[in-house]
Amino acid sequence: NPSDGIYTVDTKFNDFNIEVYSLLGKKIISKRKNGSSNIIDIRNYKKGSYLVKIMTKNKVIVKKIIYQ
């Protein structure tokens, strides 16, 4: 999943929150989304690994992404 800093989040959920964290635990992005496809842009941050947390009413999903 290495990327240039732009990620598309496709989910089956229509209403959810997205948070992006550095591996040190610092929250760098927090957004509420409506719709199943959304863009995360981390190009303004240092290259490296990050955690993306997707939260719905009933579920929490965490994925690691790599920005190169």
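These are my notebook entries on what I looked up in this structure, which is a predicted model.

**Entry 1: the chain as a whole**

I began with the secondary structure and found six strands and zero helices in the chain. Read from the N terminus, the order of elements is therefore simply β-β-β-β-β-β. I then looked up the overall dimensions, and the C-alpha atoms fill a box of roughly 30 × 20 × 20 Å when this is taken along the principal axes. The radius of gyration of the chain is 11 Å, which agrees with the value near 11 Å that a compact globule of 68 residues would have. For burial, I noted that 37% of the 68 residues count as buried. Turning to contacts with a separation of 6 or more, I found that 48% of them in the chain are made by residues 24 or more positions apart.

**Entry 2: strand β2 and its two partners**

Is strand β2 largely enclosed or open, and why? I looked at residues 15-22, which make up this strand, and six of the eight are buried, so β2 is largely enclosed by the rest of the structure.

I next followed the pairing of β2. With strand β3, residues 27-34, it pairs in the antiparallel sense over seven bridges, and within this pairing I located F16 opposite K33 of β3. The hairpin of β2 and β3 has four residues between the strands, and in this hairpin I noted that G25 takes a positive phi near 95 degrees.

β2 also runs antiparallel to β5, to which six bridges join it. I recorded two positions along this pairing: Y21 has L51 of β5 as its bridge partner, and V20 stands opposite V52, again in β5.

**Entry 3: β5, β6 and the loop between them**

I then moved on to β5 and β6, which run antiparallel and are joined by eight bridges. The two strands form a hairpin with four residues between them, and I noted M55 with V60 of β6 as its bridge partner.

Is T56, in the loop between β5 and β6, buried or exposed? The relative accessibility of T56 is 19%, and because buried means under 20%, T56 counts as buried. Leaving aside residues up to four places away in sequence, I found that T56 touches F13, D15 and F16; of these, F16 is the residue that I had already placed opposite K33 in β3.

**Entry 4: I54 in strand β5**

I chose I54, which lies in strand β5, and looked up its surroundings. At 9% relative accessibility I54 counts as buried. Which residues does I54 touch, not counting those up to four places away in sequence? I listed V9, T11, F16, N17, I18, K59, V60 and I61. V60 in this list is also the bridge partner of M55. For a distance across the chain, I took the C-alpha atoms of I54 and P2, which are 52 residues apart along the chain and separated by 19 Å.

**Entry 5: the largest pocket**

I looked up the largest pocket next, and about 170 Å³ of space lies in it. Its lining consists of 12 residues, and those that lie nearest its centre are T8, V9, V52, I54 and K63. The elements that give two or more residues to this lining are β1 (6-10), β5 (48-55) and β6 (60-67). Which element gives the largest share of the lining? That share, four residues, comes from β1. By class, I noted seven nonpolar, three polar and two charged residues in the lining. I54 thus comes up again here, as a residue of the pocket lining, and V9, which I54 touches, is likewise among the residues nearest the pocket centre.

**Entry 6: Q68 in the segment after β6**

My last look was at Q68, which is found in the segment after β6. With a relative accessible area of 53%, Q68 is exposed. The C-alpha atoms of Q68 and G48 are separated by 6.4 Å, with these positions 20 residues apart along the chain counted as their separation. Not counting residues up to four places away in sequence, I found that Q68 touches P2, S3, D4 and K47. P2 in this list is the residue whose C-alpha atom I had compared with that of I54.

Definitions and conventions. Residues are numbered from 1 along each chain as its sequence is written. This is a predicted model: local features need pLDDT of at least 70, side-chain atom pairs count only at pLDDT 80 or more; totals for chains, interfaces and linings use all residues. Side-chain values use heavy atoms; hydrogens and water are left out. On a 1 Å grid over the protein atoms alone, a cavity is a set of points where a 1.4 Å probe fits but cannot get out, and a pocket is an open set with protein on both sides within 12 Å along at least five of seven lines; lining residues have an atom within 4 Å of a point. Grid points are joined across faces, edges and corners, and a volume is the space filled by probe spheres set on the points. Ala, Val, Leu, Ile, Met, Phe, Trp, Tyr, Cys and Pro count as nonpolar, Asp, Glu, Lys and Arg as charged, and the others, Gly among them, as polar. Buried means under 20% relative accessible area, exposed over 50%, partly exposed in between (1.4 Å probe, protein chains only). Two strands pair if DSSP finds at least two bridges between them. The radius of gyration is taken over C-alpha atoms; the globule rule is 2.2 Å times the number of residues to the power 0.38. Contact means heavy atoms within 4.5 Å.
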